[in-house]
Amino acid sequence: MSKLVLETQNQLKEKIIAAVNTAIEKGELASGDLPEFIIEKPADKKNGDFSTNIAMAGARVFRKAPKMIAEAIVSNLNLEGTLFERAQIAGPGFINFYLSQRYYSEIVKDVLSCGDGYGRSDYGKGKKVIVEFVSANPTGPMHIGNARGGAIGDCLASVLDAAGYEVWREFYVNDAGNQIEKFATSLEVRYLQLCGKDIEMPEDAYHGADITAHAENFKALNGDKYADCESDERRKALVAYALPINIEGLERDLKAYRIVYDNWFRESSVHENGAVKRVIDTLKEKGVTYEKDGALWFKASEFGNDKDIVIVRANGLPTYIVPDIAYHYNKLVTRGFDKAIDVLGADHHGYVPRMKAALTALGIDANRLDCVIMQMVRLVRNGETIKLSKRSGKAITLNTLLEEIPIDAARFFFNLREPNSHFDFDLELAAKQSSENPVYYVQYAHARICSILRKAEEEGAALTSPEASELDLLTSDEERALIAHLSSLTEEIVSAAKNYDPAKITHYVVELATLFHKFYNAQRVMTDDKALMTSRLYLCLAVKNTIKNILTMLKIEAPASM
């Protein structure tokens, strides 16, 4: 929450405690340890701006009915010097508090004085957090799931940054292991077919058009040079040619999607620097492995996983989990991040307890790893689901998606639902320029305010830095609702950071746009009353700045006109 909101709540708590102590001194309440109580915002504004349950919580300590306790507290409550104007007892003993107009004026002043920094906080205390997301196999173009993961991961990183963490964005390049072997097989078959060899593509290989294109380009460069050489030599040459092109393409496509990583970490590096072998050796030394059927097993069941897992196959090769363990060790130990956050697909539910078990066995606090499990997204057009097939090469890729809808819409829409919820992406709605489209609706609110401010400037209105007293005319229900929502931005950002849920921010800004439109339709901004007009222009400016701060955080444009 903003500094002003936090100070106001802390001030209220102090006043409540002071009133309790005064009531005890007067003998109106029995002496005893102060009970734990909460101060919260009621869902219904009729129940005040803040409410406390201290009377109910203190019934046993003070040995009185909650309503009598509430009466004793309220009668000794001194709100002088605060931004509250009154307190009222409700129901069985709730005490509701109502803010004064000066509070609302101070909020607008606070928003304007903070400028680009409004909404930011030091909640994270500068702790180092690494967010790893997308990490698509570099064997082909990114699919629609990567598009959602990219938007969620990038916006989550921005939210964490705004909440006061030191954030690092990372892409884990799976340039080793089974998927690269399958990539090599697919390239080899297509190349040999182009060289006139009668060979069929395995069913489980990659059948996409991109594989054929790589093979054609490789043949154009090398001719039949590799047609009759050893398979191993041919496969290495094909992968050495195609893989860098794919990785470069991933980086280019993600930049177009407004995602720039601090680091591209290659899986091959943990093989080359011996980190994979060190993980295996360390687990052996700790006595948490055993041999069975010629393979080496990790006793994962002793560390919270449902069963033990193979870490070295009978053929002597490590399983895929081992380089991943080495990678997480690198993040949390070698590089010393306080927290590692992985944004993973829905098929990774079993992966999380396995990874946490391994970290625990290695002596690392597994709570330092958090995983955001992201459900699948369905593309919908005309109310019908578009069927995707990666193997047939007809999948909708990130590139083809962005050819159809604006980047702003893609980033906003993919963050409209919390990550672990299934999401139907309506392609028609995302491309529509109307209030039905939530990102357009928000951008239109920003553009409308820019238009209001331009007109005011043309008519001679000069907005500088207001005093709270200049804003005391903002008393209508619509104005107060709008200001109250403005006041909760920092709290929403912290909540989004705590829950790893950037959707809280898209919901917040849609609601902000809604409240602004309600205010604009109910109250004239450009009025003959100059003082009232000025105060409303300041409110418009505060809303505009806040919308821009949020859209900038989400890497979405805030247009000045539409």
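Which residue forms a salt bridge with Asp-122? In this predicted model, the partner is Lys-125, with 3.6 Å between the closest N and O atoms. That distance satisfies the criterion because a salt bridge here requires a side-chain nitrogen of Lys or Arg within 4 Å of a carboxyl oxygen of Asp or Glu. Both Asp-122 and Lys-125 are exposed. Applied to the model, this rule gives a count of 28 salt bridges.

A second pair consists of Arg-258 and Asp-408, whose closest N and O atoms lie 2.5 Å apart. This salt bridge links distant parts of the chain, the two residues being 150 residues apart. Arg-258 sits in the loop between helix 9 (231–256) and strand 7 (263–266), while Asp-408 belongs to helix 15 (residues 407–413). Arg-258 has a relative accessible area of 24% and is therefore partly exposed. Asp-408, in contrast, has a relative accessible area of 9%, so Asp-408 is buried.

Glu-479 and Arg-536 also meet through their side chains in a salt bridge, at an N to O distance of 2.6 Å. Here too distant parts of the chain are linked: Glu-479 is in helix 18 (residues 477–487) and Arg-536 in helix 21 (residues 530–553), with their positions 57 residues apart in the numbering. Glu-479 is buried because its relative accessible area is 1%. Arg-536 counts as buried as well, since its relative accessibility is 7%.

Salt bridges can also share partners, and in this way Asp-154, Arg-169, Arg-411 and Lys-555 are joined into one network. As a general matter, side chains of opposite charge can pair when their charged atoms come close.

Key
Residues numbered from 1 in each chain as written. Predicted model: local features only at pLDDT ≥ 70, side-chain atom pairs only at ≥ 80, totals over all residues. Heavy atoms only, no water. Buried < 20%, exposed > 50% of the residue type's maximum accessible area, 1.4 Å probe, protein only. Helix = DSSP H or I, 4+ residues; strand = E, 2+ residues; numbered from the N terminus.
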